[in-house]
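Colleague: Hey, got a minute to go through this model with me? I'd like to talk about empty space and aromatic rings.

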Amino acid sequence: MKRQDFSLQPFSPIGPPLTIEITGQIIRRPRQLAIRYDLRGDLSEVIIPAPAALPARRAGLWEETCCEFFLGVKDSPEYWEFNLSPAGHWNVYRFAGYRQGMAEETALTSLPVSVRRGSDSLELGLELDVGGIVAADQPLMVGIAAVIKLTGGELTYWALTHPGPAADFHRRDSFVVEL
C-alpha cells in the first residue's frame with residue numbers, strides 16, 4: 001500500500017485571499033485507488049452543486065466546483081482525467097498524450113463518489129478498482145487538482161503544483177505523486 005497526504009494550492013494570482021483550504025489523501029493498493037478531498041473554511045464563498053437525485057456520468061464538470069485527479073502510467077504519454085462533482089456526478093476521460101485523443105473511458109461505467117457536507121466543510125471521496133485500466137504493478141504518476149467556483153462566478157484553479165504560466169492540470173510535470 002502507498003499513501004500520500006496532499007494540500008492543494010491556488011493558481012496565483014486569484015484575487016482577494018480565500019479563507020478555504022483543500023487537503024486530502026490518496027492511497028493505492030495493487031488494484032485499488034482511494035482518494036479523499038477535504039475542503040474547509042468559509043464555504044459561503046464557494047458555489048457547491050446540490051446533491052443529484054441520480055448521480056451520473058456528465059461532461060463539463062470542470063465548469064463548476066469539481067475535484068479532479070490525473071493518472072498517468074510512469075514513462076508513458078497516456079493518462080486519465082477523473083472528474084468528481086459534489087453533486088455526485090462524475091466522468092473519466094482517457095488521453096493518448098498531452099491533451100490528445102480525449103475520449104470517455106468506457107472501462108469504467110460508474111464511480112461511487114461519496115460526499116459529506118458540513119457548515120464549514122465538504123468531503124469528497126472515491127474508492128475504485130483501477131485494474132481495468134492499469135496493471136497492478138505499473139507505477140502511476142498522479143496529479144491532484146480542483147476547480148472551485150466562487151459566488152461571484154469566478155473559477156479558481158487548485159493543484160499540488162502549478163509548473164507553467166497558466167493553470168494547466170494536464171501538464172505531466174504536475175503529476176508529482178508516485179504510487
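Colleague: How many cavities of 30 Å³ or more does the structure hold?

Modeller: One. Keep in mind that this is a predicted model. The largest cavity has a volume of about 50 Å³.

Colleague: Which residues line the largest cavity?

Modeller: Among them are Phe70, Gly143, Ile144, Ala145, Asp168, Phe169 and Ser174. By class, that lining has six nonpolar, three polar and one charged.

Colleague: And where does the largest share of that lining come from?

Modeller: Strand E10 (residues 140–149), which gives three residues.

Colleague: OK, pockets now. What volume does the largest pocket have?

Modeller: About 230 Å³. Its lining includes Trp62, Glu68, Glu81, Phe95, Arg99, Tyr157, Asp168 and Phe169. Seven residues of the lining are nonpolar, one is polar and four are charged.

Colleague: Switching to rings: how many aromatic pairs are there?

Modeller: Nine. Take Tyr79 and Phe175: their ring centres are 5.7 Å apart and the planes sit at 80°, so this pair counts as edge-to-face.

Colleague: Why does that pair tie together parts far along the sequence from each other?

Modeller: Because Tyr79 is in strand E5 (residues 79–84), while Phe175 is in the loop between strand E11 (155–159) and strand E12 (177–178), parts that are 96 residues apart in sequence.

Colleague: Are those two buried or exposed?

Modeller: Both Tyr79 and Phe175 are buried.

Colleague: Which residues do ring pairs link into a cluster?

Modeller: Phe70, Tyr79, Phe95, Tyr157, Phe169 and Phe175. Phe169 also lines the largest pocket and the largest cavity.

How values were computed: Residues numbered from 1 in each chain as written. Predicted model: local features only at pLDDT ≥ 70, side-chain atom pairs only at ≥ 80, totals over all residues. Heavy atoms only, no water. Phe/Tyr/Trp six-rings, centres within 6.5 Å; stacked < 30°, edge-to-face > 60°. Helix = DSSP H or I, 4+ residues; strand = E, 2+ residues; numbered from the N terminus. Buried < 20%, exposed > 50% of the residue type's maximum accessible area, 1.4 Å probe, protein only. 1 Å grid on protein atoms, 1.4 Å probe; cavity = no way out; pocket = protein on both sides within 12 Å on 5 of 7 lines; lining within 4 Å. Points joined across faces, edges and corners; volume = space filled by probe spheres on them. Nonpolar A, V, L, I, M, F, W, Y, C, P; charged D, E, K, R; others polar.
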